[in-house]
Amino acid sequence: MQITQELLNQIADNILSIFPMLTKNVLKKDEFTEKYGLSPRFIHILHILDDFGPMSISEISKRLSILAPNMTPLIDKLISEGYVKRSQDESDRRVSIIEITQKGKELTYLHTQWVNHNLKKHLQKLSDDEIEELWYVLKRLKKLVMKMIGSSPQKEGDAKDDKAF
């Protein structure tokens, strides 16, 4: 398929309109931020560490597409709040390894529950067929985006995503 300017504009328009609608209206990110005092960027870092385990700041920055120097103040805030801890890589003392703490795991659990609760309220407005279609479209979108950015699957056990209801 040839990528025309019209097609490109339509794809961009859909991306730019769908994601803000989801995060603001369905997932209620602003309410979570207000309640717990951490913006989505901090929550994303915690989820990555919870999903993948300890990693370097540069690895976190790659996964979030944030420049490593901009990541340092974010990590410092998470450390000061007790959500993550920093240690030195034993094989290369110049590299800091960031690991989620129990407090951070508890917050990611709360966030997941928050998302699930709000999502469930909105999914109840859809038929079973629409829910299954949404599940499939999102699964496919994730796979395509990961292919576009050259990323590997999110975590082991994502095979569960292959099973419908």
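The following exercises, each with a worked solution, concern a predicted model of a protein.

**Exercise 1. Overall architecture and confidence**

Task: Describe the secondary structure of the protein, the order of its elements, and the confidence of the prediction.

Solution:
- Step 1. The protein contains seven helices and three strands.
- Step 2. Along the sequence, these elements follow the order α-α-α-β-α-α-β-β-α-α.
- Step 3. Taken along the principal axes, the C-alpha atoms occupy a box of roughly 50 × 40 × 30 Å.
- Step 4. The chain has 165 residues, of which 22% count as buried.
- Step 5. The average pLDDT is 87, and 92% of the residues reach at least 70.
- Step 6. By element, the lowest mean pLDDT, 83, belongs to helix H2 (residues 29-36), whereas strand E3 (residues 96-100) has the highest, 95.
- Step 7. Where pLDDT is low, predicted coordinates should not be read in detail.

**Exercise 2. The salt bridge of Asp50**

Task: Identify the salt-bridge partner of Asp50, and state which elements the pair links.

Solution:
- Step 1. The side chain of Asp50 meets that of Lys105, with an N to O distance of 3.5 Å. This lies within the 4 Å limit that defines a salt bridge.
- Step 2. Asp50 belongs to helix H3 (residues 40-52) and Lys105 to helix H6 (residues 102-123); the two residues are 55 residues apart, and the pair links distant parts of the chain.
- Step 3. The relative accessibility of Asp50 is 31%, so this residue counts as partly exposed. Lys105, with a relative accessible area of 36%, is likewise partly exposed.

**Exercise 3. Two further salt bridges**

Task: Five salt bridges are counted in total. Examine the one formed by Asp76 and the one formed by Asp92, and classify the exposure of each residue involved.

Solution:
- Step 1. Asp76 pairs with Arg86, and their closest N and O atoms are 2.4 Å apart.
- Step 2. Asp76 is in helix H5 (residues 68-80) and Arg86 is in strand E2 (residues 84-88), so the salt bridge ties together parts that are ten residues apart in sequence.
- Step 3. Asp76 has 35% relative accessibility and is therefore partly exposed. Arg86 also has 35% relative accessibility and is partly exposed.
- Step 4. Asp92 pairs with Arg94, the closest N and O atoms being 2.9 Å apart.
- Step 5. Because a residue counts as exposed over 50% and as buried under 20%, Asp92 at 22% is partly exposed, while Arg94 at 74% is exposed.

**Exercise 4. An unusual backbone angle**

Task: What is the sign of phi at Ser65, and where does this residue lie?

Solution:
- Step 1. Most residues other than glycine have a negative phi.
- Step 2. Ser65 is not a glycine, yet its phi is positive, about 55°.
- Step 3. Ser65 is placed in the loop between helix H4 (57-64) and H5.
- Step 4. With a relative accessible area of 68%, Ser65 is exposed.

**Exercise 5. Pairs separated in sequence**

Task: For Asn116, Lys121 and Arg41, compare separation along the chain with separation in space.

Solution:
- Step 1. Asn116 lies in helix H6 and is partly exposed, at 38% relative accessible area. Its C-alpha atom is 8.1 Å from that of Leu27, although the two are 89 residues apart along the chain.
- Step 2. Lys121 is also found in helix H6, and it is partly exposed at 41% relative accessibility. Between Lys121 and Val26 there are 8.5 Å, C-alpha to C-alpha, for a sequence separation of 95 residues.
- Step 3. Arg41 lies in helix H3 and, at 44% relative accessibility, is partly exposed. Arg41 and Met71 are 30 residues apart in sequence, with 9.9 Å between their C-alpha atoms.

**Exercise 6. A charged surface patch**

Task: Which residues gather in the surface patch of negative charge? Place Glu130 within the secondary structure.

Solution:
- Step 1. The patch gathers Asp128, Asp129, Glu130, Glu132 and Glu133.
- Step 2. Glu130 lies in helix H7, which spans residues 128-149.
- Step 3. The relative accessibility of Glu130 is 39%, so Glu130 is partly exposed. This value satisfies the requirement of over 30% for membership of a patch.

Notes:
Residues are numbered from 1 along each chain as its sequence is written. This is a predicted model: local features need pLDDT of at least 70, side-chain atom pairs count only at pLDDT 80 or more; totals for chains, interfaces and linings use all residues. Side-chain values use heavy atoms; hydrogens and water are left out. Patches are made of residues with over 30% relative accessible area and no salt bridge: like charges are joined within 9 Å, nonpolar side chains (Val, Leu, Ile, Met, Phe, Trp, Tyr) within 5 Å. Accessible areas come from the Shrake-Rupley method with a 1.4 Å probe; for residues, only the protein chains shown count as cover. Lys and Arg count as positive and Asp and Glu as negative; His and the chain ends are not counted. The place of a charge is taken as NZ of Lys, CZ of Arg, CG of Asp or CD of Glu. Helices (H or I, at least four residues) and strands (E, at least two) are DSSP runs, numbered from the N terminus. Buried means under 20% relative accessible area, exposed over 50%, partly exposed in between (1.4 Å probe, protein chains only). pLDDT is the predictor's confidence in each residue, from 0 to 100.
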